[in-house]
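Colleague: Could you walk me through this model, one small step at a time? I am new to reading structures.

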Amino acid sequence: MINLNMSDVVRVLQSCEPQLIALGIVAVLVILAAICCRKRSKALKHLIRSEAAVAFVLALTVVANVICVGPMSTLLSLVTGGSGTIPDEITEQTNEHTREIAREGIVLLENDGLLPLEDTTQVNVFGWASVNSIYGGSGAGALNDLYPKTSLIEGLANAGFTVNDELTQFYSQYSLSRISSYGADWTLPEPPADTYSQEMLDNAKAFSDTAIVVLARWGGEGSDLPADMTTVTYTNNSEAYADFEADQSYLELSKSERDMLDLVCSNFEHVVLVYNGLTTFEMGFIQDYPQIEGVLWCAGPGQTGFDALGEILSGEVNPSAKTPDTFLYDLQSAPWYNNFGNFIYDNMNEFQVDDSDPYMGGTVPTFVNLVENIYVGYRFYETAADEGVIDYDATVQYPFGYGLSYSTFTQSLENQVDNGDGTVSFDVTVTNTGDRAGKEVVEVYVNPPYQNGGIEKASVNLLAFDKTELLQPGESQNLSFTVDSEELASYDDRTNGCYVLEAGDYVISINSDSHHELASFTYTVPETIIYNESNPRSTDAVAAVNQFDDARGENVIYLSRADHFANLAQATAAPSSLSMPESDKSTFIWTYNYTMEEDPDAEVPAFGADNGITLAELRGKDYDDPTWESLLDQLTVDEMQDMIAHAGFQTAAAPSVGKIATVDCDGPSAVSNNFTQAGSVGFPSAVVIAATWNEDLALTYGNDMGKMADALGASGWYAPSANLHRSAFGGRAYEYFSEDPLICGKMAARALEGAAVEGVYGYMKHFAMNEQETNRWAMLCTWSSEQAIREMYLKPFEIAVKESHPTAVMSSFNYIGGRWAGGHKQLLTSVLRDEWGFEGMVETDYFAGAFCMNADQMLEAGGDCCLSTFDVGTNFVSDTTGATSLELMRRACHNIMYTVVNSRAYAGEVETGMETWMQVMIGIDVVIAIALLGAEVLLIKKYRKERYGQNV
């Protein structure tokens, strides 16, 4: 998603072109009339010129009305809609819930006994990021400036610390702030070491022997993080300089940051490092500084989350967070590293976008190969270590699921029972063996049986998790788990084309993190079960079978565990060719070669009927209730076209059925109405929510977002995002939860449930495989094995659909193989609707690329509406007379209205009258009409008086 920008304004004006041309013609005629009357009598000359002026005003009014009820109607509805305010009590409650999430979402990575800081209340805080901290990401998910934020310095002060104000003032004066934009500002203007005066350092040492160093990295929509920072320059005292060595990335220390650490660690005995970054970071430098005795990861804590940082540092709160991602010493060693970023096809020039396109003019299709296959994140490192391919301790600094506490806990595995029905149950008893109250996470993993060269399987896979309540010292809590054997199946895309549960021993373990096992037991599957068309899994409406063979790509080599990852170097190398193979190219689809397939059995449906049914009567009815057909018969073609074409931040009204226009708001962290500028306080980033490993807090997050959206008059919420952290450089990682699909799916499901309690439908997004920002609009062909698509990239969405039953989905910009995801029938119909049983509407992502996004392809694929606030041509159905397209339009409107009628919009009395802006427009029209009529009377009187000397 993006906000309205100048390119959009240009498009709006372009859509008004016929009306503006008509007005221009009238203006020319008025001028010609004025010129032609020069030789007439004075009275006639005055009359003609005055009448021309009246005619021009009348024409201007008519054109303005045509534009308002046509191209501008959606924008006017948005600007005048969703104008509610959030009550103070909801804002205060949300701010406290933000603190709660941050308390459980800030990860303690290192502690040599320094933390908590109970022996000092005075601290020196170093680092430019201490006054330019990261609250969240930029772009559609950014926090707004409508409410005060608790700064990092304020959070420390609120926890009882006294901060060296001289240092704070020094950083504040050095540079004002980061530049928030879609193309995020990657500069890190850390003051060079020589800018610290000796007097300032002496004062700091006298103030306290404890220093907190803050480093920060952010990200945002539209740009991935730079893997090469040598092109980024800084200015100090008007002198430009580079602050990174060759080949350094944004996720490494800059020279100025290292110099600052040298300075701090040589002057202070006790140092705490706070990493305020939205993604993982290369933190091996910590080993170079024995003075760094404590390390915390505080990723985008939201509006008030820095209060929690202060509370954790002081010891008021005991940290309980676990990493939702793996920290590496060297990101270049990651299997995705050479296949993430900007890859432009060199043989696709016939698909080049016209230069007139405001977004991607002149570009050609691009691609990304997901070569690591199912071995995303910890799945690779744990499996590669088991296969003897990597030195784990030299590769991984902090495992997935890792996090320290101020207390200690034991976990015991008990009561393992094979229930005989394909499920196994067990208990885990957690005991607080320390001297502080705290919470602990239970992580359950499975190591499935693997046959060399067989179905790909990672040796460590998160299977379940839970979190205790606050346990007092010596207190225990029992957590119960039941695992269905179907959850242990792997997707076999090469032989059976479906999920397969292979016979053998499945080792189920409880771990302190992905690498360290605490206890385990073996669950044995006696014989192989194939979940094909005749034997679907119990959670599937129809069997999950191969749908994405064409997304594999002819020449892509995928990482395999076979023979101890024998193809590791070959599979993870950079692409050897930038040419799309002819076999893939022949099936590549964009707007200009797409043709809707006609259904020979389609019949022109009824429309415009007078059945006397209103949409409100369908609230609570089943999706396939027969009353829907009578209601749909009442729709007009224009109403269907409007609902499908103009769904940007709204759903359009349909008077024939009493459907009101509804408002959709942006913002996974803060509810934001981009048109009225109304908004809410902001939650921590999704990374922090995931780090809590607490589904209840995800539910609270979704519920509060629903309450705030409801207060602002919004029925839809463009969130949560269920994509994966495939790469640490993903610019939108702050908006996604984790590298693990189970964490992503569970957190998204709870957020959707929470919002739904308030009648707000969350648009689960970006469906699917939108794991990088680079080239997201440039027909980004994403190539992957179907096993990885199923087990990794679709799994979070599958979990959310099956557990929370959402009624809205947002598709994505990227292609899957050679087809746009928003127009991919196997994705939107075969998988989402047929297999998973989804009922509701699917909206495109922002309608930025008419060259690849079109309503016809979207409808045929199973999508319903276009996230467009203006007319770009391809957001309209091209054929509104054919039986096939009319049936598809009718189905789409059914999906849209099913979602809307079961939302807050129809929870009470529904005002189906004329929208406010229309009433205002009519009022203005009446005033203008009276004024013009009065002017006409006066003109005639004046003319007759001048011509005949009469009073009339």
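Modeller: Happy to! Let us start with a word we will need: a residue is called buried when its relative accessible area is under 20%. Please keep in mind that this is a predicted model.

Colleague: Thanks! How many residues of helix α22 are buried?

Modeller: Helix α22 covers residues 795-804. Its buried residues include Lys795 and Glu798 as well as Phe797 and Ile799. The helix is mostly covered, and of its 10 residues the number buried is 8.

Colleague: What covers the buried residues of α22?

Modeller: The cover includes two strands, β18 (498-501) and β25 (761-767). It also includes the helices α21 (786-793), α23 (825-835) and α20.

Colleague: Which helix gives the largest share of the largest nonpolar core?

Modeller: That core has 176 residues, and Phe767 is among those with the most contacts inside it. Phe767 also touches Phe797 and Trp836, among others. The largest share of the core is 9 residues, and they come from helix α20.

Colleague: Is Asn478 buried, exposed or partly exposed, and what is its relative accessible area?

Modeller: Asn478 sits in strand β16. Buried would need a value under 20% and exposed one over 50%. Asn478 lies between these cut-offs, so it counts as partly exposed, with a relative accessible area of 39%.

Colleague: Which residue has a side chain joined to that of Asn478 by a polar contact?

Modeller: Leaving aside neighbours within four places in sequence, Asn478 is in contact with Glu414, Asp427, Val428 and Thr429. The polar contact between side chains spans 3.2 Å, and the partner of Asn478 is Thr429.

Conventions: Residues numbered from 1 in each chain as written. Predicted model: local features only at pLDDT ≥ 70, side-chain atom pairs only at ≥ 80, totals over all residues. Heavy atoms only, no water. Helix = DSSP H or I, 4+ residues; strand = E, 2+ residues; numbered from the N terminus. Buried < 20%, exposed > 50% of the residue type's maximum accessible area, 1.4 Å probe, protein only. Contact = heavy atoms within 4.5 Å. Polar contact = N/O pair within 3.5 Å; in protein donor to acceptor, adjacent residues only side chain to side chain. Core = buried A, V, L, I, M, F, W, Y, C linked by side-chain atoms within 4.5 Å.
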